[in-house]
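Here are a few exercises to work through with the model open beside you. Try each task before you read its solution.

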Amino acid sequence: MACLDAGSPQGRRRHWLTLGLLAFWGPGLVVMLADTDVGSLITAAQSGAQFGYRMILPQIVLMPILYVVQEITVRLGIVTGKGHGALIRERFGRNWALLSALTLFATSVGALLTEFTGVAGVGELVGLPPGLTVPVAAAFLIGVAFSGSYRRAERIGIALGLAELVFVPAMILAHPSLHAIGSGLGQLPLHNGNYLLLLAANVGAVIMPWMIFYQQGAVIDKGLTRAQVRSERRDTALGAVLTQLIMIVAVVAFAATVGLSGHGVALTNVGQLSAALRPFIGALGSKLLLGVAMLGAGMVAALVASLAGAWGIAEVFGWAHTLNTGLTRRSAKFYATYALAHILGAVIVLTTPDMIGLVIDVEVMNALLLPIVLGFLLALEARALPADWRMRGTRKYVTWSLCLVVIAFGLYMVPTTLGLT
C-alpha cells in the first residue's frame, strides 16, 4: 500500500488525528501508568505465585473502580478550573485544607520511598549500589519538572510508564496454559484468609491519594476545556484498562512459573522477583525484563506522586504552581516543595536498613488515609460542580458503592499487615 502524501486530504486528516491524540491523551494515561507502581507489581507477582490465576478476575473488576474515581477528578478540574487542594480550601475551610495537604505530602513522600526502594533494587540486580542509583533517579526527576514544560514532563512520564509493557514478553516466555487461565477465572477462594489479604492489597493499591490530586491538577496545567471532557474520559478509560492489563500480565507470568512450582515463595522485593523467574526465563531475561519494567514503574510513579504533592500543597497555600513557566520567583515555593520531597525520600531510603518494612508501613498509611481522601472527593463532586455536571441516579449510587468497597478493603489490610490478627 502506498504511503499517504502529507499534503493529500487523507494525509492531513491523519496528521490532525495524530496531533489530537497527543493533545488529549496524557493526564489520565500517565496517572494510571503510575498507579501500576513497584508496590502494585510486587503485589500482582505475589498473587500469581500464591494463588495462580485466581487473582485475574479481581483485576478485571478493578478497572471500573479505577475509572469512576479518576473520572470525577476530570470533571472537577476542567469544570471548576481549580485544583483539588484549592477546592477543599474554598468549600471546607483552611483547616480541612491543611489536613488534606498533610495527608497528600505524607502519601507523596511515602510513594517516593516505595519507588526509590524499587529503583535501588533494580540497580542491585546489575551491581549498582543504592548510593548511586537513588540520587541519580532523584536528580533526573527534579530535572524533568524544572524543564519548564508540562507536556514534556507528561510525555516523559508516559514513556517511562510504557516500559512496564516488557512484562508481556516475560509472560509469553512463561508459556501460560489457556485452559488453566480459564479455570482460574471461575475460582475465588474467599474462604482463604491469605487470599482475602492479597485481594485487599490489590484493591487497596487501586486508588492512591496522590492520583486524585495529580489528575485534577494536570488537566488544568494542560489547559483542557469543557469541550474536551469526553476526550479526557476516554484517556482515563484507556489508562484504567491498560494499567490493569499490566497487572494481569504480571499475575499470569508468575502464576505460570513460580505458581506451578509450589507456594510459599517470598516475593517482597525486586531481587526476589528476579530470582523466582530465573529458572524459567533465564538469568539475563529475568534481570532485563524485570529490571526495565520495575524501573519504568518506579520512575513514572515517583514523578506523578511528587508532582501531585507539590501541586496540592501549593493550591492549599495559594502559591503559584505550574510546570509551564520554569523556576521563577513566583513559583519558587512550588518547585522547592517538589525538590524537597525527592531529597527527603532519597535520604530516608538510603538511611533505612529495613526497606521492606518501610514499604509495608507506607501501604498501611495509604489504607488509613483512603477514607479521608475519597470522602473529600465525593463531597466535592456533590458540592463544587454545577448541577448539570454532577452524578445522579444509578451512576451516583454505583460510584459511591465502589468507593466504599475500596475503603473497606483498604482498612481490612491494616490490622493483618500490622500483625494484630
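## Exercise 1: A buried valine and its neighbours

Task: Find which residues Val-316 touches, leaving out those up to four places away in sequence.

Solution. Before starting, keep in mind that this is a predicted model.

Step 1. Select Val-316 and list its contacts: Gly-85, Arg-89, Arg-94, Ala-97, Leu-98, Ser-100 and Ala-101, with residues up to four places away in sequence not counted.

Step 2. Place the residue: Val-316 lies in helix 15, which covers residues 283-317.

Step 3. Check one contact along the chain and in space. Val-316 and Arg-89 are 227 residues apart in sequence, yet their C-alpha atoms are 6.3 Å apart.

Step 4. Decide on burial. Val-316 has a relative accessible area of 1%, and the cut-off for buried is under 20%, so Val-316 is buried.

## Exercise 2: A histidine in helix 5

Task: Work out whether His-84 is buried or exposed, and list what it touches.

Solution. Step 1. Locate His-84 in helix 5, residues 84-92.

Step 2. Its relative accessibility is 1%, so His-84 counts as buried.

Step 3. Leaving out residues up to four places away in sequence, the contacts of His-84 are Ile-212, Phe-213, Gln-216, Glu-315, Phe-376, Leu-377 and Leu-380.

Step 4. Look up three of these contacts in helix 12: Ile-212, Phe-213 and Gln-216 are among the buried residues there.

## Exercise 3: Checking helix 12

Task: Compare the expected span of helix 12 with the distance between its end C-alpha atoms, then describe how covered the helix is.

Solution. Step 1. Helix 12 runs over residues 209-221 and has 13 residues; at 1.5 Å a residue it should span 18 Å.

Step 2. The end C-alpha atoms are 19 Å apart, which agrees with that expectation.

Step 3. Turn to burial: 12 of the 13 residues are buried, so helix 12 is mostly covered. Among them are Trp-210, Tyr-214 and Asp-221.

Step 4. Look just past the helix, where Gly-223 follows with a positive phi near 75°.

## Exercise 4: The nonpolar core

Task: Identify which members of the largest nonpolar core touch the most other members.

Solution. Step 1. The core has 135 residues, and Trp-210, Tyr-214, Phe-254 and Leu-374 touch the most other members. Helix 15 gives the most to this core, with 19 residues.

Step 2. Take Leu-374 as an example. Beyond four places in sequence, it touches Val-69, Ile-207, Ile-212, Cys-403, Val-406 and Ile-407.

## Exercise 5: Salt bridges across the chain

Task: Say how many salt bridges the structure holds, and trace the pairs made by Arg-395 and Arg-75.

Solution. Step 1. The total is seven salt bridges.

Step 2. Arg-395 and Glu-71 pair through their side chains, at 3.0 Å from N to O. The pair links distant parts of the chain, with Arg-395 in helix 18 (residues 393-417) and Glu-71 in helix 4 (residues 56-80), 324 residues apart.

Step 3. Compare burial: Arg-395 is partly exposed at 38%, whereas Glu-71 is buried at 3%.

Step 4. Arg-75 forms a salt bridge with Glu-381, their closest N and O atoms being 2.7 Å apart. Here helix 4 holds Arg-75 and helix 17 (residues 355-383) holds Glu-381, 306 residues apart. Both Arg-75 and Glu-381 are buried.

Terms used:
Residues numbered from 1 in each chain as written. Predicted model: local features only at pLDDT ≥ 70, side-chain atom pairs only at ≥ 80, totals over all residues. Heavy atoms only, no water. Salt bridge = Lys/Arg side-chain N within 4 Å of Asp/Glu carboxyl O. Helix = DSSP H or I, 4+ residues; strand = E, 2+ residues; numbered from the N terminus. Buried < 20%, exposed > 50% of the residue type's maximum accessible area, 1.4 Å probe, protein only. Contact = heavy atoms within 4.5 Å. Expected span 1.5 Å × (residues − 1). Core = buried A, V, L, I, M, F, W, Y, C linked by side-chain atoms within 4.5 Å.
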